Amino acid sequence: MRFAEPIADPAAPLARRNPTAKVAAALVVTVALVVSLDPVAPAVALAVELAVLPLFGLRYRALAARFWPLLVAAGGAALTYLVFGQRTGEVLVSAGPWVLTTGMLVSGASLVLRVFALALPGIAVFASTDPTDLADSLVQNAKMPARFALGALAALRLLPLLGNDWEMLRMARRARGVDAGGNPLARLRMFASMTFAMLVHAIRRGTQLATAMDARGFDSGLPRSYAREQPFRAADAALVAGAVALSIVAVAASVATGVFNPVFR
Amino acid sequence: MTGRSSSPVAHVELRGFGWRHAGRRAWALRGVDLRVERGERVLLLGPSGAGKSTLLAALAGLLAADSGEQEGTLTVGGADPRERRHRTGALFQDPQTQLIMARSGDDVAFGLENLGVPREAIWPRVAEVLRLVGFPYGPDRRTDALSGGEQQRLALAGVLAPDPDLLLLDEPTANLDPAGGVLVREAVRAALEAAGATLVLVEHRVAESLPLVDRVVVLEPGGGVMADGPPEAVFAAHGGSLAEAGVWVPGVPIATRRSTVPAGDALLTAEAVGFRHPGAARPALAGVDVSVRAGRALAVTGPNGSGKSTLALILGGLLGPTTGAVHATAALGASLVGRPPHRWRATDLTTRIGSVFQDPEHQFVTSRVRDELALGPQRTGRSPAEVSATVSRLLDSLRLDRLAEANPYTLSGGEQRRLSVATALATAPRVLVLDEPTFGQDRRTWLELVDMLARLRDEGRAVVAVTHDPDVVEALADDRLDLAAAP
């Protein structure tokens, strides 16, 4: 589960909050941001999110190092808007076939703001939460079925093995005299056959894991107890309330500035 | 039989028990009559396909009623084993799929949580069983940072935590190096002394397991119980026929097969080869020099994590070393001398260096045994007549003719191993590199494999076998390379 390891300082005030509370807070902000297409609400939300990141025990530099592909993707999407966006508003620059208007600038900017404002809460939650604690908390606090939450958690542990399988399958084929070389059709066929073989392995391993869990009495109908309690305290409720407040302020700001642009009308 | 308990109800009782997995024509197990008293320690033996694992799964209550057809009766403590799973502990072969949680302590706690043990009782019990199995770390140790032997001891702790009265172990040391196997057997012994549970153990390698048991039961494929009693008596009366049937009977000697021809030319030489995974702190393999010669069998040994398998991939031309170099000599391929094997075209590689992987299923590409054998010769441009001659010769010499139309994935472990060796031989490479070729095989398949490797060597090929099976080294190796544990 190395790839999903928390990178945050676990002692930070918001990192210590109940995992279900963190997920709920992130969901609240996300839902508020998808109802409007304007740039103001995400700008407000993003400013607050960036300000509270250190409280989750996250350092900006470490975060940028891990999530730089997101920066690149958002930049690329914004560029597309600036080239092919709808030419509304006033014309700012006109160079041959390319025209830049205020409308294009606004929609490009609001796209970038939205991507980050939507992504950051999720990143903050998963970068500051141990997957085991998350599964435990979802079962204890959100009453998610243990069969689902703990089953998914156990399966997550097996994911890194798939990479190893893939390498082995590729090398084993080469040893048999099978490689695709430059032929794209052969490549596609080899990819399909390796995917199938990898799935066979994954299913077999999953079955063995399920057997081991069964053998240890998982989901045998007895009421489960929990080795680690995940308490839901006043501070956890306050975190969710804070997220609700932020959502209201962000949407109110966009209504007040007159740019509110609901998705459904 | 020891009959140490005279209680009217046997702990485990099977009467004419049989089980057929859904969708299979043959019974995995049939006509088994067996009584095990409380506290007895039974070693369950039998050749491949005798149904040992199926019997263990049945005892563990893991055969769902709708997953097959049952004959006769099986009770544990007088009840259906499915009803008393919480009193039974079962440990299987592969440590990677035995561990459920990311932190060691959580994994031991898992079984206790499932039983609804109150929180304040969980952690003291976790500490107790971790001590019992000799787990060297604290409860926060990540399970993916443990060695195979440590993982298996941790899994044993998890199985022991709910204090089962019936302990079922299915080849718990098969995936471990000898040192790891010793650690796990010590932990099992400590657990049995502490708890007095009934034990049913399945283990291929008998000699090491005998100190743990007081009774041996031998299953016959499709025919119930073949022999039953104290180990000395069973082996004295049936040792010869059991060994014949594929059971590893302790004390039955294995003939050695040293090279009968003088050592030939060097085919491959490795100079200071090492490998470091990108971003890894330590190399997986550090500076090894070795020469692979025609007509010699080289055994590569060393503990888990010493880089044996990595060296096999590098010698097999499948992985490029990050330090040092592998050179092929003119005797192996005059046109390829200047190029390291991992840069060769696949078709050049497979006709010169064959690789047999630890997991045969990684190597299967087609859906029929016959096609699997034809693949290599076809890829390397043999004529249809040559291909079909090669296929029939291999089917015949490796006893696979009966299975020619079968899907490779449906074969037994021993059959898969024979097929994976056969596929490597189909392109007639001069060098054969095998990773744990005898892993998990019964005595019969083991002998066939060793005989075949000896024959290939005596034909003038070079055989490189990565192994932690001391008997392979003893029986086959002309040269030995012992890799040290990672620093």
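This report describes the fold of two chains, A and B, in a predicted model.

## Basis of the model

Residues are numbered from 1 along each chain as its sequence is written, while chains are lettered from A and ligands numbered from 1 in the order in which they are written. Because the model is predicted, local features need pLDDT of at least 70 and side-chain atom pairs count only at pLDDT 80 or more, whereas totals for chains, interfaces and linings use all residues.

## Chain A: overall form

Chain A holds 8 helices and 2 strands, where helices (H or I, at least four residues) and strands (E, at least two) are DSSP runs numbered from the N terminus. Along the sequence these elements follow the pattern α-α-α-β-β-α-α-α-α-α.

The radius of gyration of chain A is 24 Å, against a value near 18 Å for a compact globule of 265 residues; the radius is taken over C-alpha atoms, and the globule rule is 2.2 Å times the number of residues to the power 0.38. Along the principal axes, the C-alpha atoms of chain A fill a box of roughly 65 × 60 × 40 Å. Of its 265 residues, 33% count as buried (20 or more other C-beta atoms within 10 Å of the residue's own; exposed means 12 or fewer, partly exposed in between, with C-beta atoms placed from the backbone). Among contacts in chain A with a separation of 6 or more, 79% involve residues 24 or more positions apart; a contact requires C-beta atoms, placed from the backbone, to lie within 7 Å.

## Chain A: annotated spans and a helix pair

An unreviewed UniProt entry lists residues 20–37, 67–84, 148–166 and 237–260 of chain A as "transmembrane region"; such positions are given in the numbering used here, feature names are shortened, and annotations may be inferred rather than shown by experiment. Residues 148–166 of chain A are 100% helix and 0% strand, with end C-alpha atoms 27 Å apart. For residues 237–260 of chain A, the helix content is 83%, the strand content is 0% and the end C-alpha atoms lie 29 Å apart.

Helix α1 (residues 19–34) and helix α4 (residues 102–127) of chain A pack at about 170°, with axes 9 Å apart. Axes are lines fitted to C-alpha atoms, for helices over the stretch in contact, and angles run from 0 to 180 degrees between N-to-C directions. The helices α1(A) and α4(A) are therefore roughly antiparallel (an angle over 145 degrees). Residues making this contact include A:A26 and A:V29 of α1(A) and A:L118 and A:P121 of α4(A).

## Chain B: overall form

Chain B has 14 helices and 17 strands. Its radius of gyration of 24 Å agrees with the value near 23 Å for a compact globule of 487 residues. Buried residues make up 50% of chain B.

## Chain B: a three-stranded sheet and a loop glycine

An open sheet of 3 strands in chain B has the order β11-β10-β13 with antiparallel pairing; two strands pair if DSSP finds at least two bridges between them. The edge strands are β11 (285–293) and β13 (323–328) of chain B. Strand β10 (residues 266–275) of chain B is joined to β11(B) by 6 bridges, and B:F275 has B:L285 as its bridge partner in β11(B). Helix α8 (residues 308–315) of chain B lies across β10, β11 and β13 of chain B, at about 130° to β10(B).

B:G224 sits in the loop between β8 (215–219) and β9 (225–229) of chain B. B:G224 is partly exposed, with 18 other C-beta atoms within 10 Å. Although 208 residues separate B:G224 from B:G16 in sequence, their C-alpha atoms are 8.1 Å apart.

Technical notes. Contact = placed C-beta atoms within 7 Å. Parallel < 35°, antiparallel > 145°, perpendicular 65-115°, else oblique.
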